[in-house]
Amino acid sequence: QVQLVESGGGLVQAGGSLRLSCAASGRTFSTLHMGWFRQAPGKEREFVSRISRSGSSTGYTDSVKGRFTISRDNAKNTVYLQMNSLKPEDTAVYYCAGGSWYSGSPHVSHYEYWGQGTQVTVSS
């Protein structure tokens with residue numbers, strides 16, 4: 001029903017910035033709560049950020065607070081993750097996700113739609 005495609009990943013120096021985009025198909029986008037997750041080699045997929053259906057509520061894992069900003073444009077069926085002051089420990093594959101049954105959730109199991117992921121590499 002919904003297809004998600006991430007873009008904007010790449011290689012950046014520590015202290016630099018990247019903006020990730022997630023383009024969604026379907027008219028149901030505005031009914032979904034959205035999230036960003038990341039997975040580093042050998043580690044479990046972890047929550048990064050979430051945003052409510054209207055965009056009025058957002059949340060972040062502690063390690064990215066003050067550096068990352070999530071936003072959405074429902075008219076464009078797109079969610080964004082602005083990443084500033086990047087650190088080498090931010091290096092991971094970043095995934096966009098959507099869920100229809102829960103809101104404000106940091107749990108992988110509460111999202112049923114997933115993008116293919118985009119690589120973010122932060123060098124020292």
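The following exchange concerns salt bridges, aromatic pairs, strand pairing and backbone angles in a predicted model.

Reader: On what basis are the residues numbered and the values computed, and which pLDDT is needed for local features?
Author: Residues are numbered from 1 along each chain as its sequence is written, and side-chain values use heavy atoms, with hydrogens and water left out. Because the model is predicted, side-chain atom pairs count only at pLDDT 80 or more, totals for chains, interfaces and linings use all residues, and local features need pLDDT of at least 70.

Reader: Where is Asp90 found, and is Asp90 buried or exposed?
Author: Asp90 is found in the loop between strand E8 (78-83) and strand E9 (92-99); strands (E, at least two residues) and helices (H or I, at least four) are DSSP runs numbered from the N terminus. Buried means under 20% relative accessible area, exposed over 50%, and partly exposed in between, with a 1.4 Å probe and protein chains only. Since the relative accessible area of Asp90 is 1%, Asp90 is buried.

Reader: Which residues does Asp90 touch, not counting residues up to four places away in sequence?
Author: Contact here means heavy atoms within 4.5 Å. With residues up to four places away in sequence not counted, Asp90 touches Arg38, Arg67, Phe68, Val120 and Val122.

Reader: How many salt bridges does a search of the whole structure find?
Author: A salt bridge is a side-chain nitrogen of Lys or Arg within 4 Å of a carboxyl oxygen of Asp or Glu. By that criterion, the number found in a search of the whole structure is four.

Reader: How many residues apart in sequence are the parts that the pair of Asp90 and Arg38 ties together?
Author: Asp90 forms a salt bridge with Arg38, and their closest N and O atoms are 3.0 Å apart. Asp90 lies in the loop between E8 and E9 and Arg38 in strand E4, so the separation of the parts tied together is 52 residues.

Reader: Which residues are joined into one network by salt bridges that share partners?
Author: Glu46 and Arg38 meet through their side chains in a salt bridge (2.7 Å, N to O). Asp90 also forms a salt bridge with Arg67, the closest N and O atoms being 2.8 Å apart; this pair links the loop between E8 and E9 to the loop between strand E6 (58-60) and strand E7 (68-73), 23 residues apart. Salt bridges with shared partners thus give one network of Arg38, Glu46, Arg67 and Asp90.

Reader: Is Glu46 buried or partly exposed?
Author: Arg38 counts as buried because its relative accessibility is 6%, and Arg67 is buried with a relative accessible area of 10%. Glu46 has a relative accessibility of 36%, and therefore counts as partly exposed.

Reader: Why is the pair of Phe37 and Phe47 edge-to-face?
Author: A search of the whole structure finds four aromatic pairs. Rings of Phe, Tyr and Trp (its six-membered ring) pair if their centres lie within 6.5 Å; planes under 30 degrees apart count as stacked, over 60 as edge-to-face and the rest as tilted. The ring centres of Phe37 and Phe47 are 5.9 Å apart, and the pair is edge-to-face because the planes stand at 75°.

Reader: Which residues form one aromatic cluster?
Author: The rings of Phe37 and Tyr111 have centres 5.2 Å apart and planes at 75°, so this pair is edge-to-face. Phe37 is buried at a relative accessible area of 0%, and Tyr111 counts as buried at 4% relative accessibility. The members of the one aromatic cluster are Phe37, Phe47, Tyr111 and Trp114.

Reader: Over the ring of which residue does the charged end of Arg72 sit?
Author: A charge sits over a ring if NZ of Lys or CZ of Arg is within 6 Å of the ring centre and within 35 degrees of the ring normal. The charged end of Arg45 sits over the ring of Tyr95, 3.7 Å from its centre. For Arg72, at 4.5 Å from the ring centre, the residue is Phe29.

Reader: Which residue in E3 does Leu4 stand opposite?
Author: Strand E1 (residues 4-7) has alternating side chains: Leu4 and Glu6 point to one face and are buried, while Val5 and Ser7 point to the other and are not. Two strands pair if DSSP finds at least two bridges between them, and E1 pairs with strand E3 (residues 18-24) in the antiparallel sense over four bridges. Opposite Leu4 in E3 stands Ala24.

Reader: What is the phi of Ser85?
Author: Most residues other than glycine have a negative phi. Ser85 lies in the loop between E8 and E9. Although Ser85 is not a glycine, its phi is positive, at about 50°.
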